[in-house]
Amino acid sequence: MIQGNCLCAAVKYEVTAESQMQGLCYCTDCQIIGGSSHWASYAVAPSDFRLLQGSLTEFAYDPGSGREVVRCFCDQCGTQIKVVSAELGVASVNAMTFSNSEAFSPKLTYFSGSAPAWCTVEAGLAKFEAMA
Ligand SMILES: [Zn+2]
Ligand SMILES: [Zn+2]
């Protein structure tokens, strides 16, 4: 069982399943929202994410795939906690908010072609070009 929280600790959650899809997403949306070259994605089924405390603000939009994506933030401090695609049945949880950082072990990359030129993409990770 993985537990995590946002920066201000108003939001606490747990993830009840082990992810089979752990990766780094270099899409430009994740870069803008995270202020970083990539998003640390721990993908599980939406029902495997349980909010224990606090509340999330949701931002729903179409990233260009024709499928709605919902980005969920702590309504107090703005930490992005998860990105959900109901259509794909995936909740991508922010692995950088885990209490135990060793629970995350990235195995693949998403949209590595969008990585900024100054950023080195870990060559040992498998490339997977899809939403996260
Ligand atoms: Zn917060
Ligand atoms: Zn992304």
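**A strand pair**

Find the residue in β9 that is the bridge partner of Lys-82.

Solution. Start in strand β8, residues 80-85, and cross over to strand β9, residues 90-94. The bridge partner of Lys-82 there is Val-93. Four bridges join these two strands, and they run antiparallel. Two strands count as paired if DSSP finds at least two bridges between them. The strands themselves are DSSP runs (E, at least two residues), helices are runs of H or I with at least four, and numbering starts at the N terminus.

A word on what you're looking at: residues are numbered from 1 along each chain as its sequence is written, while chains are lettered from A and ligands numbered from 1 in the order in which they are written. The model is predicted, and local features need pLDDT of at least 70, side-chain atom pairs count only at pLDDT 80 or more, and totals for chains, interfaces and linings use all residues.

**The whole chain**

Walk along the protein chain and list its elements, then check its overall dimensions.

Solution. Step one: count one helix and 11 strands. Step two: put them in order from the N terminus, which gives β-β-β-α-β-β-β-β-β-β-β-β. Step three: draw a box along the principal axes; the C-alpha atoms fill roughly 40 × 30 × 25 Å. Step four: take the radius of gyration over C-alpha atoms and compare it with the globule rule, 2.2 Å times the number of residues to the power 0.38. For 132 residues a compact globule would come out near 14 Å, and the protein chain has 14 Å, which agrees.

**The three-stranded sheet**

Work out which strands of the open sheet β1-β2-β5 stand at its edges.

Solution. The sheet has three strands, in the order β1-β2-β5, with antiparallel pairing. β1 (2-5) and β5 (49-53) each have a single partner strand, so one side of each is left without a neighbour in the sheet. Neighbouring strands are turned by 25° against each other on average, direction ignored; the axes are lines fitted to C-alpha atoms (for helices over the stretch in contact), and angles run from 0 to 180 degrees between N-to-C directions.

Now look at the partners of β2. Four bridges join β1 to β2 (residues 12-15). Gln-3 stands opposite Glu-14, and Gly-4 stands opposite Tyr-13. On the other pairing, β2 and β5 also run antiparallel, over four bridges. There, Val-15 has Phe-49 in β5 as its bridge partner.

Finally, sort the faces of β2: Tyr-13 and Val-15 make up the covered one, and Lys-12 and Glu-14 the uncovered one.

**Two residues with positive phi**

Decide whether Ala-9 and Phe-111 are buried, exposed or partly exposed.

Solution. First the rule: a residue is buried if 20 or more other C-beta atoms lie within 10 Å of its own, exposed if 12 or fewer, and partly exposed in between, with C-beta atoms placed from the backbone. Ala-9 has 13 C-beta neighbours inside 10 Å, so it counts as partly exposed. Phe-111 has 22 other C-beta atoms within 10 Å, so it is buried.

Why look at these two? Most residues other than glycine have a negative phi. Ala-9 has a positive phi of about 70°, and Phe-111 has one near 50°. Ala-9 belongs to the hairpin of β1 and β2, which has six residues between the strands. Phe-111 sits in the loop between β10 (108-110) and β11 (126-128).

**The bigger picture inside**

Find the strand that gives the most residues to the largest nonpolar core.

Solution. A nonpolar core is a set of buried Ala, Val, Leu, Ile, Met, Phe, Trp, Tyr and Cys residues joined through C-beta atoms within 7 Å. The largest one has 28 residues, and Cys-25, Val-44 and Val-93 have the most contacts inside it. β2, β3 (21-25), β4 (39-44), β7 (69-74), β8 and β9 each supply at least two residues. The winner is β4, with five.

Last step: back to Val-93. Two residues are in contact if their C-beta atoms, placed from the backbone, lie within 7 Å. Leaving out residues up to four places away in sequence, Val-93 touches Val-15, Tyr-42, Val-44, Phe-49 and Lys-82.
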